Amino acid sequence: MPLADRLIREIDARRDDLIALTQDLLRIPTLNPPGENYRDICEYLGKRLQTSGFDIELVRAHGTPGDSEKYPRWNVVARREGGRTGECIHFNSHVDVVDVGLGWTKDPFGGELIDGRIYGRGACDMKGGLAASIIAAEAFLAVSPEFCGAIEISGTADEESGGFGGVAYLAGKGYFSPDRVQHVIIPEPLNKDRICLGHRGVWWAEVETYGEIAHGSMPFLGDCAVRHMGAVVAEMEDSLFPALAQKRTEMPVVPEGARQSTLNINSIHGGQTEGDADFTGLPSPCVPDSCRMVIDRRFLMEENIDEVEAEVMEVLKTVEGRRDTFRYDVRELHRVLPSMTDRDAPVVTTVARAIEKTMGREAQYVVSPGTYDQKHIDRIGKLKNCIAYGPGILDLAHKPDEYVGVEDMLDSAKVMGHALIDLLAGDHDRPKEEGGSHAFS
Ligand SMILES: [Zn+2]
């Protein structure tokens, strides 16, 4: 029987194991923030993969944001060497999940299986993808134990809060350096027939306008920082938002609405801070002397971050020209450059072929509106041959009653398995046990 057929049979035979593995992962509540139970989930994954012949490393990201004795940032990296030299494929999954939120009808940490769906916080984002990659690797090892190269599987911390205690830390320590890893697949929930090539860029900044405090009954004696900010928002409405809507991109961003530049006003706070919900008194009458606005600008491959920043400065300069006492500051909070892997990169063409073999249809190529850990693999790890590919429906991420479909996990495990054969099995029509000796390459 051809190797690919044996692989599919092995994956189908692991259906119950895949379900149980996903349920086990969901039952470890790895909420971030604050970053709970990272060590537990790393030990669980370490034990599992050690049994499958992987070498295990637990790596704590000392000193990264949020790392403390109470909430240490643990990561697990598992590596299994093949019998012959070749390239390394790394499957990277974040193990953290976001807050549960309201509106659940299922136990968010119960891992219930109902009508072919497994429910729980992190089911699709992305413990289902992690489980699928483990099953794919174990099935591949069963049919091709003397493979070329190496397989790595990592479970990493803090993706939901920027990835600094996870992939960024590991990349900084050389775990994604091109001499160690050649292909990276991140099983984020992008749907089983889509290859995610990368993401748009991010520029977060805080704009502050200043005024002068005075009695609220005589506002002419002060200077209202909130009115200054109102003028900034009005100028954004007049000039910036229409200009951003004109900037379209060649990047295949989904959903379609994100195929352009966008800017969100995350928050505006001016004047007195709001009182506690149980405070029953009245506020005091003051002219606000400060107003702060946080903006979240998402930008495209076609744009340059200096231009992105300059556009906001232009808005402020325009307002400054119209208002005598206008004073302001801009503080950058966060920046990530856009990332997009070439369509002819080896990991892309390999997974595209694997999708066609498994699903009988062509792969779709997408780009994510928001960033994920690919940014660190690209910028810090200097590894461009990276995609996100995994089971689950992106729209369910972070929602109540999040689930992942068992069939979807099986299908994407098959895609990952085909990719492993393609890249690591060597001469896979003549597997070693039938074909005799293979030259080392
Ligand atoms: Zn995710």
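**Exercise 1. What is the geometry of the zinc ion's site, given the angles among its 4 donor atoms?**

Before solving, note that this is a predicted model, where local features need pLDDT of at least 70, side-chain atom pairs count only at pLDDT 80 or more, and totals for chains, interfaces and linings use all residues. Residues are numbered from 1 along each chain as its sequence is written, and side-chain values use heavy atoms, with hydrogens and water left out.

Step 1. List the donors. Donors are N, O and S atoms within 2.8 Å of the metal (3.2 Å for Na, K and Ca); water is not among the atoms, so sites may look incomplete. Here they are His94 (NE2), Asp125 (OD) and Glu188 (OE), the last given twice, at 1.8 to 2.7 Å.

Step 2. Recall the rule. Four donors are tetrahedral if all angles lie between 85 and 135 degrees; four are square planar and six octahedral if opposite donors are over 155 degrees apart and all others between 65 and 115; anything else is irregular.

Step 3. Apply the rule. The angles are 52 to 145°, and the site is irregular.

**Exercise 2. Locate the donors of the zinc ion in the chain.**

Step 1. Read the spacing: H-x30-D-x62-E.

Step 2. Place the pair. His94 is in strand β3 (residues 84–94) and Asp125 is in helix α4 (residues 123–143), 31 residues apart, linking distant parts of the chain. Helices (H or I, at least four residues) and strands (E, at least two) are DSSP runs, numbered from the N terminus.

Step 3. Check burial. Buried means under 20% relative accessible area, exposed over 50%, partly exposed in between (1.4 Å probe, protein chains only). His94 and Asp125 are both buried.

**Exercise 3. Find the pairing partners of strand β8 (residues 194–199).**

Step 1. Use the criterion: two strands pair if DSSP finds at least two bridges between them.

Step 2. Take β14 (residues 364–368). This strand pairs with β8 in the parallel sense over 5 bridges. Arg194 stands opposite Gln364 there.

Step 3. Take β13 (residues 339–340). Its 2 bridges to β8 are antiparallel. Gly198 has Met340 as its bridge partner.

Step 4. Add burial: 6 of the 6 residues of β8 are buried.

**Exercise 4. Which helix gives the most to the largest nonpolar core?**

Step 1. Define the core: buried Ala, Val, Leu, Ile, Met, Phe, Trp, Tyr and Cys residues joined through side-chain atoms within 4.5 Å.

Step 2. Describe the core. The largest one has 73 residues; Ile195 and Val351 are among those with the most contacts inside it.

Step 3. Name the helix: α4, with 13 residues.
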